[in-house]
Each structure stands twice: as structure tokens, then as C-alpha cells.
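Biologist: Could you take me through one part of this protein slowly, the sheet and what packs against it? I'm new to this, so please explain the terms as you go.

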Amino acid sequence: MKILFLFIIGLFISNLSLSQVVFSEEADDDKTRIEILEELDVNRDARLDKMLKWHIEKNQTIGGMEGYRIEIFFSSSHDALEKARKAKVDFLSKYHDYPVNIKFVAPNFRVRVGDFRTKNEALKLYKKIQADYPAAFIVPDIIDFPLLKKNQYE
């Protein structure tokens with residue numbers, strides 16, 4: 001029995017010592033690593049490729065990204081569009097640095113301000129405008145992609 005146990009342990013240890021993969025020094029540069037990845041064959045379900053393609057197409061049709069805005073006005077009255085336009089002009093006269101959008105989601109016209117990636121960014125503006133717009137609140141929305149600023153090098 002001891003001999004059988006020692007034989008199995010010996011096979012296990014020899015298998016572990018032979019299972020290590022040693023890469024040559026050439027594998028350290030990026031070009032070789034990319035070639036290794038291109039040669040990699042991954043067996044996966046075809047439905048996974050279909051889902052990935054669907055996800056990419058869906059994200060392209062959204063026309064923006066998930067983020068937050070501050071809703072300062074909403075109404076469904078008969079003159080809601082005029083009131084929404086007035087609220088937009090009023091906001092832009094006080095805070096001209098932020099984009100303002102008028103959105104119609106039946107039956108309400110909504111005026112939403114800003115393009116914030118996080119709720120924390122939206123909260124900063126919310127606290128700033130809270131005195132002028134006490135009914136304002138933060139809402140999740142599809143926002144425009146943020147503009148990249150050029151670096152100023154001297």
C-alpha cells in the first residue's frame with residue numbers, strides 16, 4: 001500500500017514539475033505578445049459573438065452615454081412649450097456655462113441641464129442652483145459625449 005501511495009505522489013510531483021511553461025526572452029516585447037494573441041484559438045458559443053455584435057450596435061444607436069442631468073422644469077399644460085423655452089432662456093441668462101435641453105416625453109415638456117458622467121458632478125451644480133430652482137432634481141439620462149480639452153503646453 002505504501003508503494004502505491006508513493007508511486008502516485010511521485011507521478012503527481014513529476015507532472016507538476018513538467019507542467020510549467022517557460023517563455024523565451026523574445027516574448028517580452030509587445031509585438032510577440034500580439035502575435036501570440038492572434039494565434040490564440042478560443043472555443044466559444046456562436047451566440048456570444050451574436051450578443052456582442054448586438055451590444056455594439058445598440059450602443060451606437062443611443063447617440064450618447066449614460067449619465068445625469070438636472071431637471072429644472074416639467075409641465076403638461078397647453079402652453080408648456082413656451083414655458084419650457086422661457087425656463088431655458090432664464091437658466092442660460094444666469095448659468096451660461098452649461099448646456100440646456102428641452103425634451104418632450106409624453107405628455108410633459110422637460111428642461112434638463114448639464115451633461116454629467118457621475119451623480120456627484122451633477123450634485124455640485126444642483127447645490128449651486130438650488131436657491132433659484134427649488135423644484136430641481138437630478139435624473140439619469142443619455143448625455144452627449146464630453147468634449148476633450150486640449151492641453152496647454154508652454
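Modeller: Here's a walk through the sheet, then the helix on it, then the core.

Bear in mind that this is a predicted model: local features need pLDDT of at least 70, side-chain atom pairs count only at pLDDT 80 or more, and totals for chains, interfaces and linings use all residues. Residues are numbered from 1 along each chain as its sequence is written, and side-chain values use heavy atoms, with hydrogens and water left out.

The open sheet has 4 strands in the order β2-β3-β1-β4, with antiparallel pairing. Helices (H or I, at least four residues) and strands (E, at least two) are DSSP runs, numbered from the N terminus, and two strands pair if DSSP finds at least two bridges between them. At the edges sit β2 (100-105) and β4 (137-143), each pairing on one side only. From one strand to the next, the twist averages 45 degrees; axes are lines fitted to C-alpha atoms, for helices over the stretch in contact, and angles run from 0 to 180 degrees between N-to-C directions.

Now zoom in on β1 (residues 65-75), which is joined to β4 by 7 bridges. Here Arg-69 stands opposite Val-139 in β4. Helix α4 (residues 80-94) packs on the sheet, touching β1, β2 and β3 (108-116), and its direction makes about 115 degrees with that of β1.

Next door in sequence to Arg-69 comes the core story. Ile-70 is in contact (heavy atoms within 4.5 Å) with residues including Val-111, Ile-129 and Ala-136, leaving aside neighbours within four places in sequence.
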